[in-house]
Amino acid sequence: LIFYSYRPNNSSKKRRIVAIYAVLHHNSCMDCFLQPIGNDDSDLAALNRHISRDFPANEQLPPFILKRMFRKKLLCADYLSDGRQQYAYIIYHIVEACNTAHVLYFAIMPQYRGSGYGTRTLNMFKSAHEGVSVMLEVEEPESARDGAEKQTRLRRISFYGRCGFNLADGVRMQLFSMRMLIMATEPLPGQEVKERYVNVYR
């Protein structure tokens, strides 16, 4: 059941209903699991729509490259799902040469953000890849365009920190025309991080 107070001419009522539903469903969604995403055309088209919605244009891989990488099994992807609804998605690359799972894209569906699904997805992903170092990139706060963007980047780093990721000391890289920092689930010396990234982007 969903309860809300009715206020005439309140344009935010629908958004409040969705937010309340998301919180209630989060509390009852104990059967979520990581659902592998297929690589047929419809699966990849849906994934491209999500990426286009959730990431800036300069961070998006062209659809034909994404499709090629999935078809060659260079990329994998999972939804956080309860079998009825998808709450989040994560796209990653397993690099066996350095025992690393490299996360390219990770996002929560807009209507479920702020309800704990991000933490749940990452915790389940780490458990599914136990014994593997999970690595990802975050935007460098110091190169943000303004104070608001800097705070957004700092919050993102803090979120990953709460999920068990550590910033790699002294490692910065240029990716998608932006300066990025590296975070990993195990503390790694900067030189080892650099060596792993040679394997990731080989």
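**Group meeting: a walk through the fold**

Let's start with one lysine. Setting aside residues up to four places away in sequence, K126 touches V134, C163, G164, F165 and T185. Before I go on, keep in mind that this is a predicted model. K126 sits in helix α4. Is K126 buried or exposed? Neither, quite: its relative accessibility is 24%, so it counts as partly exposed. One of its contacts is G164, and the C-alpha atoms of K126 and G164 are 9.5 Å apart in space, with their positions 38 residues apart in sequence.

OK, let's zoom out. The protein has 6 helices and 7 strands. Reading from the N terminus, the order of elements is α-β-α-α-β-β-β-α-β-α-β-β-α. There are 202 residues in the protein, and 42% of them are buried. If you take the contacts with a separation of 6 or more, 61% of them are between residues 24 or more positions apart.

Now the strands, and I'd like to begin with β5. How many of its residues are buried? It's 7 of 7. In a regular strand, side chains alternate between the two faces of the sheet. For β5, one side has S133, M135, E137 and E139, the other has V134, L136 and V138, and all of these are buried, so both faces are covered.

Who are the partners of β5? With β4, it runs parallel, joined by 4 bridges, and H102 has M135 of β5 as its bridge partner. To get from β4 to β5, the chain passes through helix α4, residues 117-128, and this β-α-β crossover is right-handed. That's the helix that holds K126, our opening lysine. β5 also pairs with β7, this time antiparallel, over 5 bridges. If you want to find that pairing on screen, look for E137, which stands opposite I182 in β7.

β7 has another partner too. β6 and β7 run antiparallel with 6 bridges between them, and N166 has A184 of β7 as its bridge partner. The two strands form a hairpin with 2 residues between them, and F176 in that turn has a positive phi of about 55°.

While we're on positive phi, here are two others. K73 isn't a glycine, yet its phi is positive, about 60°. You'll find K73 in the loop between α3 and β2, and it is exposed, with 65% relative accessible area. N99 isn't a glycine either, and its phi is about 50°. N99 is in the loop between β3 and β4, and at 40% relative accessible area it is partly exposed.

Next, the helix that comes last in the order, α6, residues 190-200. Its buried residues are G190, V193, R196, Y197 and V200. Why do they line one face? Viewed down the helix axis, they fall within an arc of 120°, so they line one face of α6. The general idea is that an α-helix has 3.6 residues a turn, so residues three or four places apart point the same way. And what does that buried set pack against? The answer is β3, β4, β5, β6 and β7.

N199 is in α6 as well, but at 22% relative accessible area it is partly exposed. Apart from neighbours within four places in sequence, N199 contacts V95, A97 and C98. N199 and C98 are 101 residues apart in sequence, but 7.2 Å apart in space, C-alpha to C-alpha.

Now for the inside. In soluble globular proteins, nonpolar side chains tend to be buried together. Here, the largest nonpolar core has 41 residues, and Y89, I91 and Y160 have the most contacts inside it. Take I91: beyond four places in sequence, its contacts are L47, I51, F70, L75, C76, A77, H102, V103, L104 and Y105. Apart from that core lies another, with 15 residues, including C98, V171, A184 and V193. You've met three of these names already: C98 as a contact of N199, A184 as the bridge partner of N166, and V193 among the buried residues of α6.

One last thing, the cysteines. How many disulfides does a search of the whole structure find? It finds 0. C163, which touches K126, is buried at 4% relative accessibility. C76, one of the residues that I91 touches, is partly exposed at 32%.

That's my tour. Any questions?

How values were computed:
Residues are numbered from 1 along each chain as its sequence is written. This is a predicted model: local features need pLDDT of at least 70, side-chain atom pairs count only at pLDDT 80 or more; totals for chains, interfaces and linings use all residues. Side-chain values use heavy atoms; hydrogens and water are left out. Buried means under 20% relative accessible area, exposed over 50%, partly exposed in between (1.4 Å probe, protein chains only). The arc is that of the directions from the helix axis to the C-beta atoms. Contact means heavy atoms within 4.5 Å. A disulfide is a pair of cysteine sulfur atoms within 2.5 Å. Two strands pair if DSSP finds at least two bridges between them. A nonpolar core is a set of buried Ala, Val, Leu, Ile, Met, Phe, Trp, Tyr and Cys residues joined through side-chain atoms within 4.5 Å. A crossover is right-handed if, with the strands pointing away from the viewer, the path from the first strand over the helix to the second runs clockwise.
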